[in-house]
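Work through the exercises below with the model open. Each one sets a task and then solves it in steps.

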Amino acid sequence: MKVLVIGDACRDVYIYGSTDRKNPEAAAPLLNNTMSKVQDGMAANVANNLIALGAEVHTILPPEPWSEKERYIDARHGTQLLRVDYDRPCDPLGQLPDVSAYDAVVVSDYDKGFVSHEILRELDGKIQLFVDTKKRWLYNLQRAWVKVNEREHELIDMPPKHLIATLGNRGSMFEGQHAPAVPIEVVDPCGAGDTYLSAFAWHMVREPDNVMGAMGFANRAAAVTCQHRGTYAPKLEEIHR
C-alpha cells in the first residue's frame, strides 16, 4: 500500500518535572524540569501511524521550523499543568504532484493555512481521499471520506457527502450507524484522532466497501494510542490483541 500524506505538521514537546516545591512568586505550580521529549504531531504523526501499519508513505509537509505544542506535565501524577502553543504561519501548498502512483491520499488539515479548499477540491474524485479537517465549509467534497471530532461536527456549516464523527469514549458515527468504542482507561488522548484517521484510511484501502469494519478497526487503534503518554503509532498486532 502506497500512501501520500499531506498536511500541517508540528512538534509535540513534553516537559516533565516534579512539583514538590511551592512557587514563592505566584499561586501557580513550580515545575522542576527533569525530562523533555519531542514527538511528531499532526500530519507527521499520521504518516508515522500509517508506517506502523505497514504502508509505504510519502509526505508533503510545510517547511521547517514547524509549529510547536509544549505540554508541561507533573511526572508523578501524569497531570498536564499547562500547554503553550507556538504557531508558525506557512504559505499554502501550491501545485500538487502526480498522485496516480498512490493507492490513497490522506490529508491532515488543522486549518493552519497549508491546505487550501482548492487543493481538497482538486484531489476529490481523483484518488481515494481521506481528510481530517477543521474547515467548516466542506460541501464541495463529494467522494472524499471526511473525519471530524464531535465538536467540529457541530460547527460544520456545509457538510461533505461522506462524514464520520468521532465521539471520544462513545466510538464513532456515520450516517446514523454507530461503531462503539473499546472500553479502556485513558492515559492521554493526544494523537488519537491522527491514529483514527490513519487506521480508517488503511482499512478502507484494503476493504473499500466495509465502512463499519474500518470504523471499528480505527476505534481499536485509537484506544491503543490513548493508553500511551503522548502521540503513539500502534502496530497491527497491538490493534488485534
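The exercises cover a helix pair, the nonpolar cores, the cysteines and some backbone details of this predicted model.

**Exercise 1. Describe how helix 4 and helix 5 pack against each other.**

Step 1. Locate the helices. Helix 4 spans residues 192–206, and helix 5 spans residues 211–226.

Step 2. Take the geometry. Their axes come within 8 Å and cross at roughly 145°. The crossing is right-handed.

Step 3. List the contacts. Helix 4 contributes residues including Tyr196, Phe200 and Trp202. Helix 5 answers with residues including Met215, Phe217 and Cys226.

Step 4. Sort the contact by class. It has 14 nonpolar, five polar and no charged residues.

**Exercise 2. Find the largest nonpolar core and the elements that build it.**

Step 1. Size it. This core has 34 residues. Val5, Leu50, Val106, Phe130, Trp145, Phe200 and Met215 have the most contacts inside it.

Step 2. Assign elements. Strand 1 (2–7), helix 1 (43–52), strand 7 (104–109), helix 4 and helix 5 each supply at least two residues. Helix 4 gives the largest share, nine residues.

Step 3. Zoom in on Phe130. Beyond four places away in sequence, Phe130 touches Ala104, Val105, Val106 and Val107, and also Trp145. Its other partners are Leu197, Phe200, Ala201, Met204 and Val205.

Step 4. Look for a further core. Another one, of 25 residues, lies apart; Ile6, Ile127, Leu129 and Leu141 are among them.

**Exercise 3. Explain why Cys190 and Cys226 form no disulfide.**

Step 1. Set the test. A disulfide needs two cysteine sulfur atoms within 2.5 Å.

Step 2. Test Cys190. The closest cysteine sulfur is in Cys10, 7.9 Å away, so that pair is too far apart for a bond.

Step 3. Test Cys226. Its closest cysteine sulfur belongs to Cys190 at 9.6 Å, which is also too far for a bond.

Step 4. Count. The model has zero disulfides.

Step 5. Check burial. Cys190 is buried, at 12% relative accessibility. Cys226 is buried too, at 11%.

**Exercise 4. Place a cis peptide bond and two positive phi values in their loops.**

Step 1. Find the cis bond. It runs from Glu64 to Pro65, with omega near 5°. Pro65 sits in the loop between strand 4 (56–60) and strand 5 (67–74).

Step 2. Take Asp111. Its phi is near 60°. Asp111 lies between strand 7 and helix 2 (117–123), in a loop. At 42% relative accessible area, Asp111 is partly exposed.

Step 3. Take Glu175. Its phi is about 50°. The loop here joins strand 11 (172–174) and strand 12 (177–179). Glu175 is exposed, at 61%.

Conventions. Residues are numbered from 1 along each chain as its sequence is written. This is a predicted model: local features need pLDDT of at least 70, side-chain atom pairs count only at pLDDT 80 or more; totals for chains, interfaces and linings use all residues. Side-chain values use heavy atoms; hydrogens and water are left out. Axes are lines fitted to C-alpha atoms, for helices over the stretch in contact, and angles run from 0 to 180 degrees between N-to-C directions. Helices (H or I, at least four residues) and strands (E, at least two) are DSSP runs, numbered from the N terminus. A crossing is left-handed if the near helix is turned anticlockwise from the far one by less than a right angle, and right-handed if clockwise. Contact means heavy atoms within 4.5 Å. Ala, Val, Leu, Ile, Met, Phe, Trp, Tyr, Cys and Pro count as nonpolar, Asp, Glu, Lys and Arg as charged, and the others, Gly among them, as polar. Buried means under 20% relative accessible area, exposed over 50%, partly exposed in between (1.4 Å probe, protein chains only). A nonpolar core is a set of buried Ala, Val, Leu, Ile, Met, Phe, Trp, Tyr and Cys residues joined through side-chain atoms within 4.5 Å.
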